[in-house]
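Okay, thanks for squeezing me in. Let me put the model up, and then I'll walk through it from the outside in.

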Amino acid sequence: MAAQDRVESVERALTILEAFAEGEAALSLAALAERTGFYKSTILRLNGSLERFGYLTRGADGRYRLGPSLARLGGLYRDESDLEALLRPVLRRLRDDSGETASFYVRSGLTRTCLYRENSLRELRHHLEEGARLPLALGAAGKVLRAYGGEDDPALQRVRRDGYALSLGERDPHLAAVAVPLSDDGGRLLGALCLSGLAAQFGLGHQRRCRALLSAAAADLEAALR
């Protein structure tokens with residue numbers, strides 16, 4: 001995108017929102033400065049506007065939290081998405097057939113967002129919340145989003161060749177995942193379908209079964225989207 005088509009102050013405000021990650025509901029001014037590289041004075045000005053429009057709130061402890069406007073927009077996005085109606089039953093079927101947590105990820109800048117998920121019914125499981133944002137560079141879903149999203153990285157060539165990505169303890173030593181791409185009828189990447197669970201349960205046989213389930217689910221969804 002050309003520089004003249006971008007607004008630096010808007011990008012800086014969005015960078016602040018991007019600094020929040022799963023498991024970190026509140027960030028201090030110092031933490032935001034460290035993660036964004038911005039001066040604290042710059043962050044204070046930008047946060048003032050974000051607070052005014054409800055995208056951030058500031059608690060009595062001085063730390064910042066994501067605001068209700070984001071939840072409202074997220075709800076509008078989900079309500080308008082025909083894809084959700086197709087994905088929900090497929091994710092439930094993937095969960096039931098595999099025993100693992102089934103999820104659908106989309107790329108959000110330098111992170112990936114869990115847009116939809118059906119958590120495993122096992123007592124010991126990988127539990128995800130919808131809206132959770134995870135590193136793009138780590139994990140099976142992140143590899144798929146990068147490999148099929150236009151990144152020219154030699155390390156991703158195997159993902160494109162095999163049609164899936166596997167993660168064994170990359171983001172968390174106790175977790176494993178398998179993911180495949182989901183595209184529309186024009187070949188545009190929509191996101192990544194993923195099955196994730198405890199690494200101890202992901203032996204070779206289970207990996208193959210998860211890959212087969214995901215590939216079949218992606219094929220069924222892509223046929224429905226035509």
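**A walk through the model**

Let's start with how the chain folds back on itself: of the contacts in the protein chain between residues at least 6 apart in sequence, 51% join residues at least 24 apart. Contact here means heavy atoms within 4.5 Å.

Before I go on, some housekeeping. This is a predicted model, so local features need pLDDT of at least 70 and side-chain atom pairs count only at pLDDT 80 or more, while totals for chains, interfaces and linings use all residues. Residues are numbered from 1 along each chain as its sequence is written, and side-chain values use heavy atoms, with hydrogens and water left out.

So, the overall picture. The protein chain has eight helices and nine strands; these are DSSP runs numbered from the N terminus, with helices being H or I of at least four residues and strands being E of at least two. Along its principal axes, the C-alpha atoms fill a box of roughly 55 × 40 × 35 Å. The radius of gyration is 19 Å, which agrees with the value near 17 Å for a compact globule of 226 residues. That radius is taken over C-alpha atoms, and the globule rule is 2.2 Å times the number of residues to the power 0.38.

What about the surface? The accessible surface of the protein chain is about 12,200 Å², and 52% of that belongs to carbon and sulfur atoms. That's Shrake-Rupley with a 1.4 Å probe, and for residues only the protein chains shown count as cover. Of the 226 residues, 44% count as buried. Buried means under 20% relative accessible area, exposed is over 50%, and partly exposed is in between, with a 1.4 Å probe and protein chains only.

Charges, quickly: there are 32 positive and 30 negative ones, and their mean positions are 3 Å apart. Lys and Arg count as positive, Asp and Glu as negative, and His and the chain ends are not counted. Each charge is placed at NZ of Lys, CZ of Arg, CG of Asp or CD of Glu.

Now the inside. In soluble globular proteins, nonpolar side chains tend to be buried together. By nonpolar core I mean a set of buried Ala, Val, Leu, Ile, Met, Phe, Trp, Tyr and Cys residues joined through side-chain atoms within 4.5 Å. Which residues have the most contacts inside the largest core? They're Leu87, Leu94, Phe104, Leu182, Leu193 and Leu214, in a core of 24 residues. At least two core residues each come from α5 (82-98), β4 (101-108), β5 (111-118), β8 (175-183), β9 (189-198) and α8 (204-224). The largest share, six residues, comes from α8. Apart from this core lies another, of 19 residues, including Ala132, Ala140, Ala147 and Ala177.

Have a look at Phe104. Setting aside neighbours within four places in sequence, Phe104 is in contact with a long list, including Leu87, Thr113, Leu182 and Leu193. Follow that to Thr113, which sits in strand β5. Is Thr113 buried or exposed? Thr113 counts as buried, because its relative accessibility is 13%. Not counting residues up to four places away, Thr113 touches Gly131, Ala132 and Arg133, among others.

Next, a couple of residues from the N-terminal part of the numbering. Thr15 lies in helix α1 (residues 8-18) and is partly exposed, at 32% relative accessibility. Beyond its neighbours within four places, Thr15 is in contact with Thr36 and Phe38. Leu44, in helix α3 (residues 40-52), is partly exposed as well, at 39%. With the same kind of neighbours left out, Leu44 contacts Leu29, Arg58 and Tyr64. Leu44 and Thr15 are 29 residues apart in sequence and 13 Å apart in space, C-alpha to C-alpha.

Last, two arginines. Where is Arg188? Arg188 is in the loop between β8 and β9, and it counts as exposed because its relative accessibility is 53%. Leaving out neighbours within four places, Arg188 is in contact with Leu182 and Ser183. Arg160 lies in helix α7 (residues 157-162) and is partly exposed at 31%. Outside the four places either way in sequence, Arg160 touches Ala147, Tyr148, Glu151 and Asp153. That Ala147 is one of the residues of the 19-residue core.

Okay, that's my tour. Happy to rotate the model for anyone.
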